[in-house]
Amino acid sequence: MKEFLVELTTTVPEGTDPAEVDRRRAAEAVRAKELAAVGRLVRLWRPVGELRSIGLWRAADESELYEKALGTLPLWPWMAAAVTAVQSHPNDPGRNSATI
């Protein structure tokens, strides 16, 4: 599995019923837990004071990332994504010594 750093910015369309926003946000939380349970969503952060998220995701390739993970998010139609494929750096202090 490859790793991807994904920045997601959600913009709710003007005039959207607040009940629909609440429904999708609740469903988003459920889906995030499901994706984490199968190892696709590894970490998720929110920059302080901002309404966007940055996450570490795993998939076989970028196409699968969109098909099996990002595209399945209930808020996906309202999201803009910036995806960067990443790999471990030789100086990463969290790198497993067995993989060196």
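This short presentation describes the fold, the strand pairing, one buried residue, the salt bridges and a surface patch of the protein shown above.

Good morning. The structure is a predicted model. I shall begin with the overall plan and then turn to individual residues.

The protein contains 2 helices and 4 strands. Read from the N terminus, these elements follow the order β-α-β-β-α-β. Taken along the principal axes, the C-alpha atoms fill a box of roughly 50 × 30 × 20 Å. The protein has 100 residues, and 24% of them count as buried. The area exposed by the protein is about 6700 Å², with 53% supplied by carbon and sulfur atoms. How much of the contact total comes from residues 24 or more positions apart? Among contacts with a separation of 6 or more, such pairs account for 68%.

Let us now consider the strands. Strand 1 covers residues 2-10 and strand 3 covers residues 52-59; the two pair in the antiparallel sense, over 8 bridges. One position shows this pairing at the level of residues: Phe4 has Trp57 in strand 3 as its bridge partner. Strand 3 also pairs with strand 2, again in the antiparallel sense, here over 4 bridges. In this second pairing, please find Arg43, which stands opposite Leu56 of strand 3. Strand 2 and strand 3 form a hairpin with 6 residues between the strands, and Gly49 in this hairpin takes a positive phi near 75°.

I should like to stay with Trp57, which belongs to strand 3. Is Trp57 buried or exposed? Its relative accessibility is 2%, and therefore Trp57 counts as buried. The limit for that word is a relative accessible area under 20%. What surrounds this residue? Apart from neighbours within four places in sequence, Trp57 is in contact with a list of residues that includes Phe4, Val6, Leu8, Leu35, Leu41, Leu65, Leu70 and Leu73. The list also includes Lys2, Glu3 and Arg40. Further along the chain, Val83 is 26 residues away from Trp57, and the C-alpha atoms of the two are separated by 9.7 Å.

Next, please look at helix 2, which spans residues 62-69 and contains Glu64. A polar atom of the Glu64 side chain lies 2.9 Å from the backbone nitrogen of Ala60. Setting aside neighbours within four places in sequence, Glu64 is in contact with Met1, Arg40, Ala59 and Ala69.

We come to the charged side chains. Side chains of opposite charge can pair when their charged atoms come close. In this model the count comes to 7 salt bridges, and I shall describe three of them.

The first example joins Arg23 and Glu20, with a distance of 2.8 Å from N to O. Where do these two residues lie? Both are in helix 1, residues 18-37, and they sit 3 residues apart, about one turn of the helix. Arg23 has a relative accessible area of 47% and so is partly exposed. Glu20, with 24%, is partly exposed as well.

The second example joins Glu34 and Arg31, whose closest N and O atoms are 3.0 Å apart. Because Glu34 and Arg31 are 3 residues apart in helix 1, about one helical turn separates them. Glu34 is partly exposed, with a relative accessible area of 39%. Arg31 has 21% relative accessibility and therefore counts as partly exposed.

The third example is the salt bridge between the side chains of Arg52 and Glu50, at 2.4 Å from N to O. Glu50 is partly exposed, and its relative accessible area is 34%. Which residues are joined into one network with this pair? Through salt bridges that share partners, Glu7, Glu50 and Arg52 form one network.

Finally, I turn to the surface. Leu5, Trp45 and Val86 make a nonpolar surface patch of about 240 Å². Of these residues, Trp45 lies in strand 2, residues 41-45. Trp45 has 37% relative accessibility, so it counts as partly exposed. Trp57, as we saw, is at 2% and counts as buried.

To close, I would ask you to locate three places in the model: Trp57 in strand 3, the network of Glu7, Glu50 and Arg52, and the patch made by Leu5, Trp45 and Val86. Thank you for your attention.

Terms used. Residues are numbered from 1 along each chain as its sequence is written. This is a predicted model: local features need pLDDT of at least 70, side-chain atom pairs count only at pLDDT 80 or more; totals for chains, interfaces and linings use all residues. Side-chain values use heavy atoms; hydrogens and water are left out. Patches are made of residues with over 30% relative accessible area and no salt bridge: like charges are joined within 9 Å, nonpolar side chains (Val, Leu, Ile, Met, Phe, Trp, Tyr) within 5 Å. Accessible areas come from the Shrake-Rupley method with a 1.4 Å probe; for residues, only the protein chains shown count as cover. A salt bridge is a side-chain nitrogen of Lys or Arg within 4 Å of a carboxyl oxygen of Asp or Glu. Buried means under 20% relative accessible area, exposed over 50%, partly exposed in between (1.4 Å probe, protein chains only). Two strands pair if DSSP finds at least two bridges between them. A polar contact is a pair of N or O atoms within 3.5 Å; within protein, one must be able to donate a hydrogen and the other to accept it, and residues adjacent in sequence count only if both atoms are side-chain atoms. Contact means heavy atoms within 4.5 Å.
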